[in-house]
Amino acid sequence: MKSRYGISSALARTTMTIGLAAALSASLQGCFLAIAGAAGGTALVATDRRTVGSQTEDREIQVKALSDISNKLPQSSHINVAVFNQRVLLTGEVPDDASKQRAGDIARGITNVDSVVNELAVQPASSFSSRANDSYLEGRVKAELISYKDISANDFKVVSERGTVYLMGLVTRQEGSTAADATSKVMGVQQVVKVYQYIQPGQQGSGASAVAAVSAPPPAANPAEAPMVGAVPDASVSSRPIDQQAPAPVTSSSPAEPGNGKAL
């Protein structure tokens, strides 16, 4: 009996030791994952030209705008709200001009909104397949921007609506042009609209004081004028791969309307 109890006690102690070791390992692993997650989040924040406070305000503005607009506009409306550096972009479809104006007024009245770009279209709401295609295009554009060394994809917010891609961000004019040109060549993109807030080269700050005045963009270069090296002209041969399309037109958004910074 004593021997049996002695063996049982030894087994119990061994089991307890293994259990404590496993628990400690899980605890340490959890701490590691928490630290890694925090580090990853910090890295993402660090690569964003907006301040942490600005990013927080953008999220709050988006939630408030979506809630207020959905409650005060007709059910037949389909409205998306994107916010970057306190600039609000409204895209989607509304049944009439009054609804478009109302949506803009609601967005401008939200606290901390610096400006509103109203790109709502007066037409029936888009189909489910159209919205699915827009989600696909957003992913394609983001992947394309990542492949460019002269720009950081994290500096851009990509929004697609009915095949039109809107680009937001705190960027230099060169960065903005590079991203717009790259986006225009993505298969399926019908149009590119620049909704940028421009900064000077080397400027990393955010907020209204960091945004340079926006002037008319320079004319886009004609792809046909690009030099061809080692090419033999032949009218019967197309130099454009069959899986590409002609670059989509690039335009600037409608003028941004100032926000009043006061709650409705």
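# Exercises on a predicted model

Arg49 forms a salt bridge with Glu175, and their closest N and O atoms sit 2.8 Å apart. Keep that pair in mind while you work through a predicted model.

**Exercise 1. Find out which parts of the chain the Arg49–Glu175 salt bridge ties together.**

Start with Arg49: you'll find this residue in the loop between helix H1 (2–46) and helix H2 (52–72). Next, look up Glu175, which belongs to helix H5. The two parts are 126 residues apart in sequence, so the pair links distant stretches of the chain. Finally, check the surroundings: both Arg49 and Glu175 are buried.

**Exercise 2. Work out where the partners Arg108 and Asp105 lie, and decide whether each is buried, partly exposed or exposed.**

First, the bridge itself: the closest N and O atoms of Arg108 and Asp105 are 2.1 Å apart. Both residues are in helix H3 (residues 97–108), 3 residues apart, or about one turn of the helix. Now for the exposure. Arg108 has a relative accessible area of 14%, and because buried means under 20%, Arg108 is buried. Asp105 comes out at 29%, so Asp105 counts as partly exposed.

For practice, try Lys185 and Asp181, whose side chains meet in a salt bridge at 3.1 Å, N to O. Lys185 is partly exposed at 44%, and Asp181 is partly exposed at 34%. Salt bridges with shared partners also join Asp48, Arg50 and Asp58 into one network. The count for the model comes to 9 salt bridges.

**Exercise 3. Describe the open sheet made by 4 strands, and say which helices pack on it.**

Begin with the order, which is E5-E6-E7-E8, with mixed pairing. The edges are strand E5 (157–161) and strand E8 (250–252), each pairing on one side only. From one strand to the next, the twist averages 25°.

Then zoom in on one pair. Strand E6 (residues 164–171) and strand E7 (residues 191–198) run parallel, joined by 8 bridges. Val171 stands opposite Tyr198 in E7.

Last, add the helices. H4 packs on the sheet and touches E5 and E6, its direction making about 150° with that of E5. Helix H5 (residues 173–184) packs on the sheet too, touching E6, E7 and E8, at about 165° to the direction of E7.

**Exercise 4. Compare the neighbours Ala125 and Ser126: is each buried or partly exposed, and what does each touch?**

Ser126 is in the loop between strand E4 (121–122) and helix H4 (128–146), and Ala125 lies in the loop between E4 and H4 as well. Ser126 has a relative accessible area of 11%, so this residue is buried. Ala125 has 37%, so Ala125 is partly exposed.

Now list the contacts, leaving out residues up to four places away in sequence. Ser126 touches His78, Glu93, Arg131, Glu161 and Arg162. Ala125 touches Ser76, His78, Glu93 and Arg131. One more check: Ala125 and Ser77 are 48 residues apart in sequence, yet 6.3 Å apart in space, C-alpha to C-alpha.

**Exercise 5. Decide which stretches to read with care.**

Look at the overall confidence: the mean pLDDT is 78, and 66% of the residues reach 70 or more. Residues 14–44 fall below 50, and this stretch has 0 contacts beyond near neighbours in sequence. Residues 212–242 are below 50 too, with 12 such contacts in the model. Where pLDDT is low, don't read the predicted coordinates in detail.

Definitions and conventions. Residues are numbered from 1 along each chain as its sequence is written. This is a predicted model: local features need pLDDT of at least 70, side-chain atom pairs count only at pLDDT 80 or more; totals for chains, interfaces and linings use all residues. Side-chain values use heavy atoms; hydrogens and water are left out. Buried means under 20% relative accessible area, exposed over 50%, partly exposed in between (1.4 Å probe, protein chains only). Contact means heavy atoms within 4.5 Å. Two strands pair if DSSP finds at least two bridges between them. Axes are lines fitted to C-alpha atoms, for helices over the stretch in contact, and angles run from 0 to 180 degrees between N-to-C directions. pLDDT is the predictor's confidence in each residue, from 0 to 100. A salt bridge is a side-chain nitrogen of Lys or Arg within 4 Å of a carboxyl oxygen of Asp or Glu.
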